[in-house]
Amino acid sequence: MGTTLILRLRIENVPGRFGQVATAIGAAGGNIGAIDIVRAERGALIRDVTVQVVDPRQGDEIARSLGRLPGVEVLHVSDRTFLMHLGGKIEVRPRVPVKNRDDLSLVYTPGVARVCQAIAADPEKAFSLTIKRNAVAVVTDGTAVLGLATSAPWPPLPVMEGKCLLFKQLAGVDAFPLCLDAREPDQVVAAVRALAPAFGGVNLEDIASPRCFEIEERLRRELDIPVFHDDQHGTAVVVLAGLLNALRLVGKRLEDLRVAVAGAGAAGVACTRMLLAAGVGNIVVCDRQGILYRGRPGLDSPVKRWVAEHTNPEGRRGALRDALEGADFFLGVSGPGLLTGEDLRRMAPDAVVFALANPVPEVDPAEAGRHARVVATGRSDYPNQINNCLCFPGLFRGALDCRAREINEAMKLAAARAIAATVSPDQLSEDYIIPTVFNRQVVQ
């Protein structure tokens, strides 16, 4: 994905001057989009020129090139991504108007006292008389945000805001970004437990493995509202939805599949659990040391030991390439460039490949397409994007509306099937196995 810049330029109003500007932008590798006249000045025009560049460094080079042109002054360079974030991406708005003293007495003192007393007498009324019925806490400890090596609580905030924006826009859920200044699992659990009374659900986000497993498990035990780690279960739901439709194309059944999974972290373990629950019996999971199997040295994580005990029924050993031998489905939730097209030749005919590492997949999608029938990635610039946004808004919408106390395996399986069903038989193709985020049927 490139970067979009808006260059505000003062350009001498003489024939050919803007042509020089356009030539300089093109020579530096920029792609001109919109061109807007902001205002006219004596002998000059102020223009906003929108330019697509590969990265910000290329934008700096374009600005320097333009600054060297006669009759051209670079007034300002704006990055559209940063402009979208100015002041934050979400806000709180009132649902009822307060226009006079009488309104004020109803929404606040003295009228609000009666509502507080009613909730004190019957705590269940908090769901009908407060925002709790439609509120989700989006919580992170910042330990797994975009690979940032930071212990500060502020850098994750734009990501959490974006998640809250999608909750609201796609499903009408009021979500609140909570970036905790806490690093120990005990601290995270205590903080969320203390905040929980105000919310109808908790979405855990960008918490590193293996701590994410402990934090989610403890919160699910201790709270009476749904707790959902989206990096685990949102990924798993959408992966299963895409796989169900891919199997319709290739004519294979879940119970007959041989599956190879690259990645034994949060997403890899959750996807493995989901595939097992859906009926897949032969799954081989790999971490950095290779195939997980019972008794493998170095399995110091309880989660990895669980995976080793519940997968790999043939007791395979070796590297990821060995796990691909005869596989019908490869799922990558690990890191970039692990495989080549030649590696995929080991797979069964009509193979399905989901290479979800972002921004660089485990295998080049174009290369994978030469060896697999269906290819999906986590990127928006390729067909079949496996995107968590297809899951969490609708899943929480349903959980809040039915006052669920948890999001369990049956609900996740139902969500996967529902997402898959939004792709009709006449739409289904190798390049369209999963709906887009903007398909309005998905949340419903």
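In which sense, and over how many bridges, do strand S1 (residues 3-12) and S4 pair? The structure is a predicted model, in which local features need pLDDT of at least 70 and side-chain atom pairs count only at pLDDT 80 or more, whereas totals for chains, interfaces and linings use all residues. Residues are numbered from 1 along each chain as its sequence is written, and side-chain values use heavy atoms, with hydrogens and water left out.

S1 and S4 pair in the antiparallel sense over seven bridges, where strands (E, at least two residues) and helices (H or I, at least four) are DSSP runs numbered from the N terminus, and two strands pair if DSSP finds at least two bridges between them. Within this arrangement, Ile11 stands opposite Val72 of S4. An open sheet of four strands, with antiparallel pairing, has the order S2-S3-S1-S4; its edge strands, each pairing on one side only, are S2 (31-41) and S4 (72-79). On average, and with direction ignored, neighbouring strands of this sheet are turned by 20 degrees against each other, axes being lines fitted to C-alpha atoms (for helices over the stretch in contact) and angles running from 0 to 180 degrees between N-to-C directions.

Two helices pack on this sheet. Helix H1 (residues 17-27) touches S1, S2, strand S3 (44-53) and S4, and its direction makes about 150 degrees with that of S1; contact here means heavy atoms within 4.5 Å. Helix H2 (residues 56-67) touches S1, S3 and S4, with a direction at about 165 degrees to that of S4.

Strand S10 (residues 282-287) is mostly covered, six of its six residues being buried, that is, under 20% relative accessible area (exposed being over 50% and partly exposed in between, with a 1.4 Å probe and protein chains only). Asn282, Val284 and Cys286 point one way from S10, while Ile283, Val285 and Asp287 point the other way. Strand S9 (residues 258-262) pairs with S10 in the parallel sense over five bridges, and Val285 in S10 is the bridge partner of Val261.

The axes of helix H11 (residues 266-278) and helix H12 (residues 302-310) come within 11 Å and cross at roughly 30 degrees; the two helices are therefore roughly parallel to each other, a term that covers angles under 35 degrees (over 145 counts as roughly antiparallel, 65 to 115 as roughly perpendicular and the rest as oblique). Their contact is made by Val269, Arg273 and Leu276 of H11 together with Val303, Trp306, Val307 and His310 of H12.
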